[in-house]
Amino acid sequence: SCLRSRINHDSAAAATKDGDDPSIGFVLYLPTVNLRLEHNPAFAVACHAANHLNLPLVVLAVVCDDASHHTSSPVGSGGVVMTARRLAFTLQALSHACHQWSRHGAAVGVRVHGPKGARV
């Protein structure tokens, strides 16, 4: 795919050669709700922008693992708590989506924030 060919491409050097702003290096897509390739208008727009700008597309999914945060407030205090079951479900969905996004040509990363810091 034309996106894949740009993942390892030096876009800053290419932008300088073409006279564009060399500080633009990639298009970033942050999935927040829709963890799939098909029927995903935001991902389609990100792909269109990356193709139009001739830049690589980077997908960065961020998951908050707050299941093991111990607080004095009850679970029903209004905040959404990531239970272990919900975290497993989200990571399983992301695993499938990441393979699809990667096959489509995007560079993909997942960052999980937990009580002991972040893991990538």
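**Pocket, sheet and core in a predicted model**

By class, the residues lining the largest pocket divide into twelve nonpolar, two polar and two charged. The model that holds this pocket is predicted. The pocket encloses about 320 Å³ of space. Its lining consists of 16 residues, and those closest to the pocket centre are Thr32, Val62, Met82, Arg86 and Thr90. Two elements, strand S2 (57-64) and helix H3 (84-104), each supply at least two residues of the lining. The largest contribution comes from H3, with five residues.

The pocket can be placed within the overall layout of the chain. The protein chain has three helices and four strands, and from the N terminus on they follow the order α-β-α-β-α-β-β. Among its 120 residues, 29% count as buried. Of the contacts between residues at least 6 apart in sequence, 66% join residues at least 24 apart.

The strand pairings can be followed from S1 to S4. S1 and S2 are parallel and are paired over three bridges; in this pairing Leu28 stands opposite Val58 of S2. S2 also runs parallel to strand S3 (residues 107-114), to which it is joined by seven bridges. One position in that pairing is Leu60, whose bridge partner in S3 is Gly109. S3 in turn is joined to strand S4 (residues 117-119) by three bridges, and these two strands run antiparallel. The connection between S3 and S4 is a hairpin through two residues. Across this pairing, Val112 stands opposite Arg119 in S4.

Ala118 also lies in S4. Leaving aside neighbours within four places in sequence, Ala118 is in contact with Arg111, Val112 and His113. Buried means under 20% relative accessible area and exposed means over 50%, so Ala118, at 38%, is partly exposed. The C-alpha atoms of Ala118 and Val63 are separated by 9.5 Å, with these positions 55 residues apart along the chain.

How do the side chains of S2 divide between its two faces, and which are buried? Leu57, Val59, Ala61 and Val63 point to one face and are buried. Val58, Leu60, Val62 and Cys64 point to the other face and are not buried. In a regular strand the side chains alternate between the two faces of the sheet. Val62, on the face that is not buried, is among the residues closest to the centre of the largest pocket.

The buried face of S2 leads to the largest nonpolar core. This core has 20 residues, of which Val27, Tyr29, Phe43, Leu57, Val59, Val63 and Trp101 touch the most other members. Strand S1 (27-29), helix H2 (41-53), S2 and H3 each supply at least two residues of this core. H3 gives the most, with five residues. H3 is thus the main contributor both to the core and to the lining of the largest pocket. In soluble globular proteins, nonpolar side chains tend to be buried together.

Trp101 shows how the parts of the chain meet at one core residue. Leaving aside neighbours within four places in sequence, Trp101 is in contact with Tyr29, Pro31, Asn34, Leu35, Arg36, Leu37, Phe43, Val59, Leu94, Ala106 and Val108. Among these partners, Tyr29, Phe43 and Val59 are also listed with the core members that touch the most others.

Another partner of Trp101 is Leu35, a residue of the loop between S1 and H2. With the same sequence neighbours left aside, Leu35 is in contact with Thr90, Ala93, Leu94, Ala97 and Trp101. The C-alpha atoms of Leu35 and Ala93 are separated by 6.6 Å, although the two residues are 58 apart along the chain. Is Leu35 buried or partly exposed? The relative accessibility of Leu35 is 23%, and therefore Leu35 counts as partly exposed. Thr90, one of the contacts of Leu35, is also one of the residues closest to the pocket centre.

Gln100 is placed in helix H3. Its contacts, leaving aside neighbours within four places in sequence, are Arg36, Leu37 and Glu38. Gln100 is buried, because its relative accessible area is 11%. Arg36 and Leu37, which Gln100 contacts, are also contacts of Trp101.

Technical notes
Residues numbered from 1 in each chain as written. Predicted model: local features only at pLDDT ≥ 70, side-chain atom pairs only at ≥ 80, totals over all residues. Heavy atoms only, no water. 1 Å grid on protein atoms, 1.4 Å probe; cavity = no way out; pocket = protein on both sides within 12 Å on 5 of 7 lines; lining within 4 Å. Points joined across faces, edges and corners; volume = space filled by probe spheres on them. Nonpolar A, V, L, I, M, F, W, Y, C, P; charged D, E, K, R; others polar. Pairing = 2+ DSSP bridges. Core = buried A, V, L, I, M, F, W, Y, C linked by side-chain atoms within 4.5 Å. Buried < 20%, exposed > 50% of the residue type's maximum accessible area, 1.4 Å probe, protein only. Contact = heavy atoms within 4.5 Å.
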